[in-house]
Amino acid sequence: MSRGVMQPSQQKLAEKLTILNDRGIGMLTRVYNIKKQGQVWKACGDPKAKPSYLVDKNLESAVKFIVRKFPAVETRNNNLAQLQKEKSEILKNLALYYFTFVDVMEFKDHVCELLNTVDACQVFFDITVNFDLTKNYLDLVVTYTTLMIILSRIEERKAIIGLYNYAHEMTHGASDREYPRLGQMIVDYENPLKKMMEEFVPHGKSLSDALISLQMVYPRRNLSADQWRNAQLLSLISAPSTMLNPAQSDT
């Protein structure tokens, strides 16, 4: 066997799908909480629901400048003078938000790597044949897509990331090492659906095979209760003569 051939059995695909799905739910929770904080602040004007540096009148011009220039970094500007006094506190208080976005980027890297591995291994997906593998694959696609859409709807994302990086630049003399890639990701996913439509083109065959396999199963699993009753699917005695016979099914 050629060393260059990728063996599906050696890639631990099922394990990676399980781990990334669990991690994805955690990432969704963290990103949703950041988005929810912004919504509470907007609806109620509660200053505790938003990082204080985003509502501080003294930093308002600096924040607007950072967002306007994002993801470029220009430290020589009069609007940024106020950040010098607050840089230590900004790093301390925005770190949780900033590194949540960094974790989203790393999760995205791992998902893209796994999807490419799945394509390279030419994995066969059919919900009626390999249920767990197909379900976990589709769950990961849904979780990843949902995460990137929610991320794009956090209005303060550029302000948080940019403000943290400017404080880092003023403190350490250089941008945070994750900032260039993170800033580019935020820009790329301004329109997440358009970006992901392009991104999933190489994964079209695997994804379409998995989705097409649902066409026979999905309608049966999503009948209304009235339809179940009319077809007597919920009755144990609708056909007494066959009660002792095992059910015959192609799934």
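In helix 8, the residues S206, L207 and A210 are buried, where buried stands for a relative accessible area under 20%, exposed for one over 50%, and partly exposed for values in between, determined with a 1.4 Å probe on protein chains only. Viewed down the axis of helix 8, these buried residues fall within an arc of 95 degrees, so they line one face of the helix; the arc is taken over the directions from the helix axis to the C-beta atoms. The model is predicted, so that local features need pLDDT of at least 70 and side-chain atom pairs count only at pLDDT 80 or more, while totals for chains, interfaces and linings use all residues. Residues are numbered from 1 along each chain as its sequence is written, and side-chain values use heavy atoms, with hydrogens and water left out.

The cover over the buried residues of helix 8 includes helix 3 and helix 4. S206, which is placed in helix 8, has a relative accessible area of 8%. Apart from its neighbours within four places in sequence, S206 is in contact with V118, D119, F125 and Y137, contact being defined as heavy atoms within 4.5 Å.

The protein chain as a whole contains 10 helices and 0 strands; helices are DSSP runs of H or I with at least four residues, strands are runs of E with at least two, and both are numbered from the N terminus. Of its 251 residues, 39% count as buried. Among the contacts in the protein chain with a separation of 6 or more, 80% join residues 24 or more positions apart.

The largest nonpolar core has 62 residues, of which L83, Y137, Y144 and M185 touch the most other members; such a core is a set of buried Ala, Val, Leu, Ile, Met, Phe, Trp, Tyr and Cys residues joined through side-chain atoms within 4.5 Å. Helix 3 gives the most to this core, with 18 residues. Leaving aside neighbours within four places in sequence, L83 is in contact with L59, A62, I66, I90, L163, Y166 and M170.

Helix 5 is largely enclosed by the rest of the structure, because 13 of its 16 residues are buried. The expected span of a helix is 1.5 Å times one less than its number of residues, and for helix 5 the expected 22 Å agrees with the 22 Å between its end C-alpha atoms. Helix 5 is followed by G173, whose phi is positive, near 80 degrees.
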